[in-house]
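Work through these exercises with the structure open beside you. Try each task before you read its solution.

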Amino acid sequence: MRYNKQPTDINTQLAILKQRGLIICDEDNALKQLASISYFRLASYWKIFETDKNTHRFANGTRLEDVISLYSFDRELRSVIFTAIQDVEVALRTRIIHFFSMKHGAFWFMDSSMFNNRNIFQTCLDNIQLELNRSKEEFLQEHFAKYSAPSMPPVWKTLEVVSFGNLSKLYANMKDVEVKKQVAKSVGLPQYTYLESWMRSLTVLRNCCAHHARAWNRRYPAMPQMPRRLPLLWVDTQYIRPMKLYAQLCALLYLEQNITPNSQIKKRLLSLLRAYPNNITRQMGFPRGWENEPLWQ
């Protein structure tokens with residue numbers, strides 16, 4: 001089928017929403033909202049208010065303010081999540097650099113023999129080179145002005161500018177299981193495979209937040225492993241759906257215990273969740289009684 005829909009102006013967009021049953025209390029404000037938040041972006045949020053997915057009719061009583069409120073909730077949620085992931089990313093970057101460097105020296109990330117999959121290794125190395133080329137960090141410019149070999153700076157400089165996704169792939173691809181265990185145990189995880197899956201899933205979540213994509217009720221393709229028991233405060237994983245956001249929030253809060261013990265992330269999350277209806281938490285994958293779990297106390 002060939003796409004043949006034509007662009008519509010904001011007044012027409014508002015008329016379409018009204019025709020579908022959306023209540024508009026203040027038309028001037030509604031036009032301003034649509035001028036600042038695109039129709040297509042808001043559509044991701046008003047879908048849960050629709051009673052018919054073909055005609056896109058809204059449930060009786062649905063107001064534009066309800067949609068904007070949900071959009072604002074998701075925006076605030078992404079902000080809290082992004083702050084938490086920054087803490088985790090910096091800490092894991094630091095620990096991976098430290099533990100692997102202490103055993104394998106300054107340039108282990110350039111040694112293909114230390115990795116399981118040569119293709120993944122080469123892709124990571126190519127991406128690292130691109131990131132080094134793009135970076136304007138003074139410590140890198142000073143390094144290249146002084147040294148000509150090896151072709152890349154030592155790991156404690158180079159890995160400071162690589163993406164979290166690249167860092168995740170490097171860690172997962174490393175052959176040295178003992179050092180991987182050291183990194184995992186340093187953040188309270190008894191198995192390195194747990195950390196591999198958590199880093200992979202948090203990379204997807206981070207990118208979602210960084211690109212302003214809907215986060216709250218998304219089904220995530222990269223799912224964190226949910227161990228039944230962990231050394232620090234944890235949750236009952238029996239009824240957790242790992243493809244939903246709740247699982248990743250639990251992983252984040254667990255890591256924060258070790259990385260940033262006095263973090264305000266939990267407090268900010270609880271405050272945000274309490275300000276919105278319970279059906280929101282259910283669609284995020286929160287199980288019944290979640291607020292009584294040790295991790296969330």
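## Exercise 1: An aromatic cluster

Task: Find which residues are linked into a cluster by ring pairs, then describe one pair in it.

Solution. Ring pairs join Tyr 246, Phe 286, Trp 290 and Trp 296 into a cluster. Keep in mind that this is a predicted model.

Step 1. Set the scene. The whole structure holds 15 aromatic pairs.

Step 2. Pick one. Phe 286 and Trp 296 make a pair with 5.6 Å centre to centre and 55° between the planes.

Step 3. Name the geometry. Planes under 30 degrees apart count as stacked, and those over 60 as edge-to-face, with the rest tilted. The pair of Phe 286 and Trp 296 is therefore tilted.

Step 4. Place the two residues. Both Phe 286 and Trp 296 lie in the segment after helix H13 (278-283), so their pair ties together parts that are 10 residues apart in sequence.

Step 5. Check burial. The cut-off for buried is under 20% relative accessible area. Phe 286 has 6%, so it is buried. Trp 296 has 2% and is buried too.

## Exercise 2: Two packed helices

Task: At what angle do helix H3 (residues 39-46) and helix H4 (residues 64-104) pack? Say what the contact is made of.

Solution. Step 1. Recall what is needed. Two packed helices are described by the angle between their axes and the distance between the axes.

Step 2. Read both values. H3 and H4 pack at about 95°, and their axes are 9 Å apart.

Step 3. Classify the angle. Angles from 65 to 115 degrees count as roughly perpendicular. H3 and H4 are therefore roughly perpendicular to each other.

Step 4. List the partners. H3 brings Arg 41, Leu 42, Tyr 45 and Trp 46. H4 brings Val 67, Ile 68, Leu 70, Tyr 71, Asp 74 and Arg 78.

Step 5. Sort them by class. The contact of H3 with H4 has seven nonpolar, three charged and no polar residues.

## Exercise 3: Unusual backbone spots

Task: Where does a cis peptide bond occur? Which residue in the loop between H3 and H4 has a positive phi?

Solution. Step 1. Start from the usual case. Most residues other than glycine have a negative phi, and most peptide bonds are trans.

Step 2. Locate the cis bond. It joins Ala 149 and Pro 150, with omega about -10°.

Step 3. Look around Pro 150. Pro 150 sits in the loop between helix H6 (138-146) and helix H7 (155-158). At 38% relative accessibility, Pro 150 is partly exposed. Setting aside neighbours within four places in sequence, Pro 150 contacts Phe 107 and Met 110. Met 110 is 40 residues from Pro 150 along the chain, yet their C-alpha atoms are separated by 9.7 Å.

Step 4. Find the positive phi. His 56 is not a glycine, but its phi is about 65°. His 56 lies in the loop between H3 and H4. With 28% relative accessible area, His 56 is partly exposed.

Step 5. Add a second case. His 212 has a positive phi near 60°. His 212 is in the loop between H10 and helix H11 (245-259).

## Exercise 4: A covered helix

Task: How many residues of helix H8 (residues 164-173) are buried, and what covers them?

Solution. Step 1. Count. Eight of the 10 residues of H8 are buried. Among them are Phe 164, Leu 167, Leu 170 and Tyr 171.

Step 2. Find the cover. It includes H4, helix H5 (118-134), helix H9 (177-186) and helix H10 (192-210).

Step 3. Zoom in on Tyr 171. Lys 180 lies over the face of Tyr 171, at 5.5 Å from the ring centre.

Note on methods
Residues numbered from 1 in each chain as written. Predicted model: local features only at pLDDT ≥ 70, side-chain atom pairs only at ≥ 80, totals over all residues. Heavy atoms only, no water. Axes fitted to C-alpha atoms, helices over the stretch in contact; angles between N-to-C directions. Helix = DSSP H or I, 4+ residues; strand = E, 2+ residues; numbered from the N terminus. Parallel < 35°, antiparallel > 145°, perpendicular 65-115°, else oblique. Contact = heavy atoms within 4.5 Å. Nonpolar A, V, L, I, M, F, W, Y, C, P; charged D, E, K, R; others polar. Phe/Tyr/Trp six-rings, centres within 6.5 Å; stacked < 30°, edge-to-face > 60°. Buried < 20%, exposed > 50% of the residue type's maximum accessible area, 1.4 Å probe, protein only. Lys NZ or Arg CZ within 6 Å of the ring centre and 35° of its normal.
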